[in-house]
Amino acid sequence: MGTVVTSKMAPRPSPRIQGVGIGLRSQHYAHLLTHQPDVPWLEALSDNYLGGGLPIHHLEQIRAIYPLTLHGVGLSLGSVDPINRDYLNRLKTLADRIEPAHISDHLCWSSVQGDYFNDLAPLPYTEAVLDYVADRILQVQEFLGCRILIENLSPYLQFRHNSLTEWDFIATLVNKADCDLLLDINNVYVNAVNHGFDPLDYLHAIPPERVKEIHLAGYEDQGGFLFDTHGYPVQAGVWQLYQVALEQFGPVPTLIEWDTDIPTFEVLMAEAKKASGYWPRD
Amino acid sequence: MATPPSELRELQNLFYQAIVPHAQQASPQIAKLPVQTSIDQLATQIRSQDNLGFEQGLAAYQGSVMGKLTRALEEIYPVCCRLVGPEFFAAMSRVYVRQHPSRSPDLGDYGSQLPSFLEQFEPAAALPYLPDVARLEWSWHRAFNAMDQPGLDFQALGSIPQEQWGQIRFELPHSSVLLASRYPIHRIWQANQPDNAESAQVNLDQAGAQLLIWRDRLETRIDLPNEADWQLLQAFAAGHPFGEICAQFLDQEPTLDVATRLPVWVQRGWIAGFLIEDMDD
């Protein structure tokens, strides 16, 4: 399959998202359903809704009010393991039921011989790996019947093998795999500090037409290096980089991500409002 | 289908063994190296960085993987965690993670072996009911997350001619688990729910438990069948044809008229489907 796929994949047909959304967390179901706060869209973590019962029931209730995207961690796109068909089937079932604006996962791998470590590990950036991952993305898109978005990581180890920079790898990959990009500005910033490069070099290499979503989150300074914990407000340097990204890519739908020590919905709304403040006025 | 570059395969094997403490117990296909050897070999593959050293990067991944897997156990087994205390549970989880690799991208699939692990876990021996409480929590977790199942198809059932009724194999809900214990684990479980308003005292000399754990549409339930229903549930779970089950229960003491129990069960939702061989052909 894969390399013989020549037809261009369409983005998912509906619904469109715009503005600054918030990551959907179960702590906020009741608030969202009762008060229906003014949020343009929400991002659900696909992996939390692969079964039945109350979780998917809540998601369908929320879907009736807000446009949703699906964001996952389980595709293991860069693994040498075969694509996990069971997981992919469950993801497609979820997508058919929820009709997300789009589906995203990470540019990473997370399994070896069927053993999962349920974390996002980095890839070596070489031409051979690029061809391999592009083929896997094409297979996934063929199965799902739509383009997916891939998200850049914050790797804490970089391989000596690298013959390409991360930004050149991603810029080539999204065209070769005909996929879109979920650009995590916090991760670009964290990587720039940890690995000593200019984040503007990164942004300038990215093809603007492929950037369909931006993530903003808070890192943790571990003294000497930055750790992408998603448990803090967005930091000053990330806001500055976000401004540059908006100038370069236009008003791309943006998401506030917060995964640990999840605050009240009001705190997330305030972060979203702050992000909206960087958008150009009509 | 593209073949993975061979250097990618080697690198991922090495990375996995260096990052994941239980890789030593993992799949037999994975070339096994002593942990320190895999770490030393991985170090030679890593580009040195100004702000983030190899040891720090390695520790970031090791800590992150251990954190994700132990948190998954904590979320699935909150009552066990409460019974032993969070510090004990965290230490026990780390031992479990080192012995049991995750085999699914879904963290909700992790931890199925914890009940049998607890049976062998010497430091928890003072709480002999703990493994069965863990079985109850695992069953609850699986029922809560089970795929939705359509209700019993009455029309299809009604269309079966009477002479074939004996061949019907009735099915319990896919989410259901039958769980028996010498200990009153349902009371222990109830007393340790966050919303429990009753006494937290459980008399361990009370009778044990025979439980049906399942999900009725959105509601995850722990039902306590009586002795006759318990035996009947086992017969249905074993997949015997209805005629055989009826005959079996007429022969035993006390006798049970299965045909009169069936409508009650259907109403409760205990019967979720049926198979009949002639229709499958």
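Here a trainee and a mentor talk through the cores, the fold of chain B and two backbone angles in a predicted model.

Trainee: Which residues have the most contacts inside the largest nonpolar core?

Mentor: Happy to start there. In general, nonpolar side chains of soluble globular proteins tend to be buried together. The largest such core here has 141 residues. Those with the most contacts inside it are I185(A), L216(A), Y242(A) and L42(B).

Trainee: What is Y242(A) in contact with, beyond its neighbours within four places in sequence?

Mentor: Contact here means heavy atoms within 4.5 Å. By that rule the partners of Y242(A) include I185(A) and L216(A), which are also listed with Y242(A) for having the most contacts inside the core. The full set is V20(A), I185(A), I214(A), L216(A), T254(A), A275(A), Y278(A) and W279(A).

Trainee: Where does this core lie with respect to the domains of chain B, and why?

Mentor: Helix 3 (residues 54–76) of chain B gives the largest share of the core, 9 residues. Both domain 1 (6–127) and domain 2 (147–280) of chain B contribute residues, so the core lies between domain 1 and domain 2.

Trainee: How many residues are in the second, separate core?

Mentor: Good one to look up in the structure. Among its members are A235(B), F236(B), F249(B) and L256(B). The size of this second core is 24 residues.

Trainee: What is the radius of gyration of chain B, set against a compact globule?

Mentor: Let's begin with the spans: the C-alpha trace covers about 80 × 55 × 30 Å along its principal axes. A compact globule of 281 residues would have a radius of gyration near 19 Å. For chain B the value is 25 Å.

Trainee: What percentage of the residues of chain B count as buried?

Mentor: The cut-off to keep in mind is under 20% relative accessible area. Chain B has 281 residues, and its buried share is 46%.

Trainee: Is R217(B) buried or exposed?

Mentor: Let's look at the backbone on the way. Most residues other than glycine have a negative phi. R217(B) has a positive phi, near 50 degrees, and sits in the loop between strand 3 (209–216) and strand 4 (219–223) of chain B. Its relative accessible area is 68%, and the cut-off is over 50%, so R217(B) is exposed.

Trainee: And what is the relative accessible area of Q36(A)?

Mentor: Q36(A) also has a positive phi, near 45 degrees. Its loop runs between helix 1 (29–35) and strand 2 (42–45) of chain A. Q36(A) is partly exposed, with a relative accessible area of 46%.

Methods: Residues are numbered from 1 along each chain as its sequence is written. Chains are lettered from A and ligands numbered from 1 in the order in which they are written. This is a predicted model: local features need pLDDT of at least 70, side-chain atom pairs count only at pLDDT 80 or more; totals for chains, interfaces and linings use all residues. Side-chain values use heavy atoms; hydrogens and water are left out. A nonpolar core is a set of buried Ala, Val, Leu, Ile, Met, Phe, Trp, Tyr and Cys residues joined through side-chain atoms within 4.5 Å. Buried means under 20% relative accessible area, exposed over 50%, partly exposed in between (1.4 Å probe, protein chains only). Helices (H or I, at least four residues) and strands (E, at least two) are DSSP runs, numbered from the N terminus. Domain bounds come from an automatic or database domain assignment. The radius of gyration is taken over C-alpha atoms; the globule rule is 2.2 Å times the number of residues to the power 0.38.
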